[in-house]
Amino acid sequence: MIVSALLLIVLLSGAPHASAYQVRKEITFNWIRDSRNVVRNQTAILLQNDGYASDRLKVRTADGYLLTVYRMQPKKSRLGAVLLHHGIRQSSDMWTVLGPKRSLAYQLYEAGYDVWLSNSRASPETDGHERLDRDSDHYWDFSFHEIGTEDLSAVIDHILAATGRKTLHFVGYSEAGSAVLALLSELPEYNRKMASVELLAPPAFMQYGQFSWIARMVEPFRKLFPWSVYYTRDALPTQICTLFRNECCSLFGQMNDNGNGTRTQRSPGPANRPRDGCFDLEDVSLKQLEHYRQIIASGRFQQFNYGYSANLHRYKRDPPPDYCLWDVTARISLHYGNKDKTVDWRGVEMLARKLPKVAELQKTLYKGFNHRDFYRNPRAQETVYANVLKSIKRHTVVATLQ
């Protein structure tokens, strides 16, 4: 009760913004930021340092974002195209963290695949928007839903057009799993464009994770004071995290790609300056965080909750609809760890039960793996990546026969 009372006082301090919220035509979820010190081609530099040439391409989404996509220059004989997509607060360089031979991108390339590395609109490597300034609120008004339905759809279509193939293999870590599930649910025709889908620590049902208590605790205040909790520039990150600093450090630290310094040592430029792992929200939209908070609190893998009136306008119903997982018919493999406190294994098991029986589903539980281990732990080479490569090879044969 004391904590709740303190939180209520803090949230009420944002009440003067109510009038501004009422006259706004659009709701935005971020604040002005400084993104001048960014290396836009850090993946290309890392690939070159590791002995691999690449092409840096630009893919435009239907809503105007200019995404950066890398293609490792293919050899003459290629088995098929593989698209690797990063998690929240990351970029395509995450697939090079373990270096030559160990990293999944390099293993796939050496096995004979045409490897593509994509960046979402949130990535520091993306070239921004054709009209919106990257430091504006409106640029950052998106969640994993738009990353899936807009970004991934555009990248997939570009790759298939460039290679002349009908299908590709998709590998996604963390948020990329949420995004591709949103894509395959909302635009089910993309299921036919997937030879296979490999999801590493995919967030969908997250009510069992370590952040469930704070997500549920904030829920009543969101309904009572929406303008002071989420619709001002800094209410969520500064006011709530002032009270719950340890919890925020834990949350944002786990999301921080520079937690143990591996990437900082390998990556060039000021974009990869060392961070303290606590309360650093660059390259993330508050709407991304709020969407995850909502699915944690509700226990449902659902579309974004805009509030009663906006939900009726957008969805013709309230609460917002669940993603139609029964429309996900692609061949899916789920890779998850029993020590993952962000994406608890029970949530992944629930996701597996929600997927339709017509889908060819594989589940692999990795003992001792936490959330970051899927791309940082050297053991991933012999365990996770070996299984991913084996699965892709198996589905390559199936796709060829069809």
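How many of the residues of strand β4, residues 114-118, are buried? Good morning. The structure that I present today is a predicted model, and I shall begin with that strand. Five of the five residues in β4 are buried, and the strand is therefore described as mostly covered.

Let us look at how the side chains of β4 are arranged. In a regular strand, side chains alternate between the two faces of the sheet. In β4, D114, W116 and S118 point one way, while V115 and L117 point the other way. The residues on both sides are buried.

I turn now to the neighbours of β4. Strand β2, residues 66-72, runs antiparallel to β4 and is joined to it by three bridges. Strand β3, residues 81-85, runs parallel to β4, and five bridges join these two. W116 is a useful residue to find on the screen: R71 stands opposite W116, and L83 also stands opposite W116. Please also find helix α4, residues 104-110, which together with β3 and β4 makes a right-handed β-α-β unit.

My second topic is the aromatic rings. The count of aromatic pairs comes to 17. Consider F144 and Y323, whose ring centres are 6.2 Å apart and whose planes meet at 45°. Planes under 30 degrees apart would count as stacked and planes over 60 as edge-to-face, so this pair is tilted. The pair links distant parts of the chain, with the two positions 179 residues apart. F144 belongs to helix α5, residues 144-163, whereas Y323 lies in the loop between α13 (308-315) and β7 (332-337).

Are F144 and Y323 buried or exposed? The cut-off for buried is under 20% relative accessible area. F144 has a value of 0% and is therefore buried; Y323 has a value of 2%, so Y323 is buried as well.

Another tilted pair is formed by Y306 and Y315, at 6.4 Å centre to centre and with 45° between the planes. Both of these tyrosines are buried. To return to F144 and Y323, they form one aromatic cluster with F205, Y292 and F301.

Finally, I come to charges placed over rings. The charged end of R314 sits over the ring of Y306, 4.0 Å from its centre. Elsewhere, R121 lies over the face of Y65, at 3.9 Å from the ring centre.

Which residue, then, has a charged end over its ring and also forms a tilted pair with Y315? That residue is Y306. Thank you for your attention.

Conventions: Residues numbered from 1 in each chain as written. Predicted model: local features only at pLDDT ≥ 70, side-chain atom pairs only at ≥ 80, totals over all residues. Heavy atoms only, no water. Buried < 20%, exposed > 50% of the residue type's maximum accessible area, 1.4 Å probe, protein only. Helix = DSSP H or I, 4+ residues; strand = E, 2+ residues; numbered from the N terminus. Pairing = 2+ DSSP bridges. Right-handed = clockwise from strand over helix to strand, strands pointing away. Phe/Tyr/Trp six-rings, centres within 6.5 Å; stacked < 30°, edge-to-face > 60°. Lys NZ or Arg CZ within 6 Å of the ring centre and 35° of its normal.
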